[in-house]
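Colleague: I am new to this one. Please show me how to read its helices and its sheet.

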Amino acid sequence: GGGGGGAAEEEPKEEKTLFDLKLKSFDAKSKIKVIKEVRTITGLGLKEAKELVEGAPKVVKKDIKKEEAEELMEKIKAVGGECEVE
């Protein structure tokens, strides 16, 4: 038996539910504030957070819900960072 059942096995295209928050850039004058915000979001140590911010563009937080990503993006924007949700 078997064969021929290809169409039935096709999975519906899943809507993306988890997103990554990416720091694209930041205002040099706001760097310390951005680092502090990134630390708050990620729970990283000062050195790691500083390296992440200085290494922008970098993903700050992975696999988060869209609402959380947008909320965190606003927080980073408020302190002078430029983010995107992908």
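Modeller: Begin with packing, where contact means heavy atoms within 4.5 Å. The buried residues of H2 pack against strand S1 (18-26), helix H3 (46-54), strand S2 (58-65), helix H4 (66-78) and strand S3 (81-85). Helices (H or I, at least four residues) and strands (E, at least two) are DSSP runs, numbered from the N terminus. This is a predicted model: local features need pLDDT of at least 70, side-chain atom pairs count only at pLDDT 80 or more, and totals for chains, interfaces and linings use all residues. Residues are numbered from 1 along each chain as its sequence is written, and side-chain values use heavy atoms, without hydrogens and water.

Colleague: Which residues of H2 are buried?

Modeller: An α-helix has 3.6 residues a turn, so residues three or four places apart point the same way. In H2, the buried ones (under 20% relative accessible area, 1.4 Å probe, protein chains only) are Val34, Ile35, Glu37, Val38 and Ile41. They lie on the same side of H2, because their arc around the axis is only 165 degrees, taken from the directions from the helix axis to the C-beta atoms. Ile32, Lys33, Lys36 and Thr40 are exposed (over 50%) on the other side.

Colleague: What is the strand order in the sheet?

Modeller: Strands of a sheet pair through backbone hydrogen bonds, either parallel or antiparallel. Here the open sheet of three strands runs S2-S1-S3, with antiparallel pairing. Pairing needs at least two DSSP bridges between two strands. The edge strands are S2 and S3.

Colleague: How many bridges join S1 to S3?

Modeller: Five. Phe26 stands opposite Gly81 in S3.
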